[in-house]
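Visitor: I am new to this structure and would like a close look at a single part of it. Please take the largest pocket and explain what surrounds it.

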Amino acid sequence: MSEKKDVTVESQITPELDAEVRAKADELIAQGVCSTRTARDGVNQATINAWTDAMGINDPRWTSGEAPESMAQVWTMYALGGTKDPHDPLHAMMDWLTERGFRGVLGTNVEQTYVRRLEVGEVPRLEMRLESVVGPKATGMGEGYFVTALTEWFVGPEDAPELVATMLFRVLKFIPKPRKKPSKFVLYPTKNRDTEFFWEGTAAGELRVQKCNACGALRHPPGPSCPECHAFDRGYVVSTGEGTVFSHVMHHHPPIPGFEMPIHTALVDLDEGVRMLATVDVANGGTVEIGDRVEVAWRTVDENLTLPMWRKKA
Ligand code: ZN
């Protein structure tokens, strides 16, 4: 028989705090519908056109008087710079939790249900209430509560409303886990099947560009399949490391661990024909301008990471 090990994780949420959360949640849930809003404009073709353009939808269905169901939320959105409803129960619960140390927020899921399509000329209105507060739950982000609000959209007269769509919106409000001890350089790139050839290359002083073994196309950044022919057969070529600056930026804020501010970053068109982003080796070649010729240089961070840098060609 194997011995059972007791793993005790100390909770930051005391029974008293949990009771307070429950009381606040019950209070807001008991209010029922406590926030309502009517669409600023009725359903109209101009907004439908702008939305389908933005979504890249080119379907004649949406030019003949009906709005896509998934636009449900669009009509009652706050205007740019609009004032949020102080009775909005989701934000009331979230603000209350924030004040008690649940400073983290993560949108976890949205569930929309469509009853019917809206037609041009209809003016939807929404009703919102707090649906549930579930927890405490320990997650990878920290301990917290799942807060769910229900929004319902109606059309028609107040005394005979017709439900057209609903939305359950859930967020996790949590006490962020204490940060791990900061290391000298914490921003390591992801190394996986698609990218490890690149980082093995930098360690060996080679700037490698992914190549499709099926059609020969080069691509960067690396990825699983070829954008030209969709083959998964991956290889690489070693770049000469020379190219021309396409664009550049001087990053002042926010600070990035392991770098001294400001960071001069340049997007370079390599002579092989792909575009690559890296910092500029200002100390050994100065800043760069668009059109400048650059070559790759190396910054060894530690035994696990060597970063490419651009150095202006003399
Ligand atoms: Zn290919």
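Guide: What follows starts at the largest pocket and then moves outward to the parts around it and beyond.

The model is a predicted one. Its largest pocket holds about 590 Å³ of space. The lining consists of 22 residues, and P189, W199, L277, A278 and L307 are the closest to the centre. Four elements each supply at least two residues of this lining: helix α4, and the strands β10 (263-270), β11 (275-280) and β13 (305-312). Among the contributors, β11 gives the most, with four residues. By type, the lining of the largest pocket divides into 17 nonpolar and five polar residues, with no charged ones.

Helix α4 deserves a longer look, and the aromatic pairs are a good way in. There are three such pairs in the structure. In one of them, the ring centres of F197 and Y236 are 5.6 Å apart and the ring planes meet at 20 degrees; planes under 30 degrees apart count as stacked, so this pair is stacked. F197 belongs to helix α4 (residues 196-203) and Y236 to strand β8 (residues 234-238), so the pair ties together parts that lie 39 residues apart in sequence. What is the relative accessible area of F197? The value for F197 is 12%, and the residue is buried. Y236, at 38% relative accessibility, is partly exposed.

Another pair is formed by F198 and W199. Here the ring centres are 5.0 Å apart and the planes stand at 85 degrees, so the pair is edge-to-face. Both F198 and W199 are buried. W199 has already appeared above, as one of the residues closest to the centre of the largest pocket.

Rings also occur with a charge over the face. R275 lies over the face of F246, 3.5 Å from the ring centre. R37 is placed over the face of Y78, at 3.8 Å from the centre of that ring.

R37 and Y78 lead on to another pocket. The second largest pocket has a volume of about 360 Å³. Its lining has 17 residues, and R37, Q73, Y78, H91 and M167 lie nearest the centre. Helix α3 (89-99) and the strands β3 (125-138), β4 (142-155) and β5 (162-176) each supply at least two of the lining residues. In this second pocket the lining divides into 10 nonpolar, four polar and three charged residues, whereas the lining of the largest pocket has no charged residues.

Two of the strands just named are paired with each other. β3 and β4 run antiparallel and are joined by 11 bridges. A hairpin of three residues connects β3 to β4, and A138 has E143 in β4 as its bridge partner. β3 also pairs with strand β1 (residues 35-38), again in the antiparallel sense, over four bridges. T36 lies in strand β1 and stands opposite E127 in β3. With a relative accessible area of 53%, T36 is exposed. From T36 to P176, 140 residues further along the chain, the C-alpha atoms are separated by 32 Å.

To return to the request: the largest pocket has a lining of 17 nonpolar and five polar residues, with helix α4 among the elements that supply at least two residues each.

Notes: Residues are numbered from 1 along each chain as its sequence is written. This is a predicted model: local features need pLDDT of at least 70, side-chain atom pairs count only at pLDDT 80 or more; totals for chains, interfaces and linings use all residues. Side-chain values use heavy atoms; hydrogens and water are left out. Rings of Phe, Tyr and Trp (its six-membered ring) pair if their centres lie within 6.5 Å; planes under 30 degrees apart count as stacked, over 60 as edge-to-face and the rest as tilted. Buried means under 20% relative accessible area, exposed over 50%, partly exposed in between (1.4 Å probe, protein chains only). A charge sits over a ring if NZ of Lys or CZ of Arg is within 6 Å of the ring centre and within 35 degrees of the ring normal. On a 1 Å grid over the protein atoms alone, a cavity is a set of points where a 1.4 Å probe fits but cannot get out, and a pocket is an open set with protein on both sides within 12 Å along at least five of seven lines; lining residues have an atom within 4 Å of a point. Grid points are joined across faces, edges and corners, and a volume is the space filled by probe spheres set on the points. Ala, Val, Leu, Ile, Met, Phe, Trp, Tyr, Cys and Pro count as nonpolar, Asp, Glu, Lys and Arg as charged, and the others, Gly among them, as polar. Two strands pair if DSSP finds at least two bridges between them.
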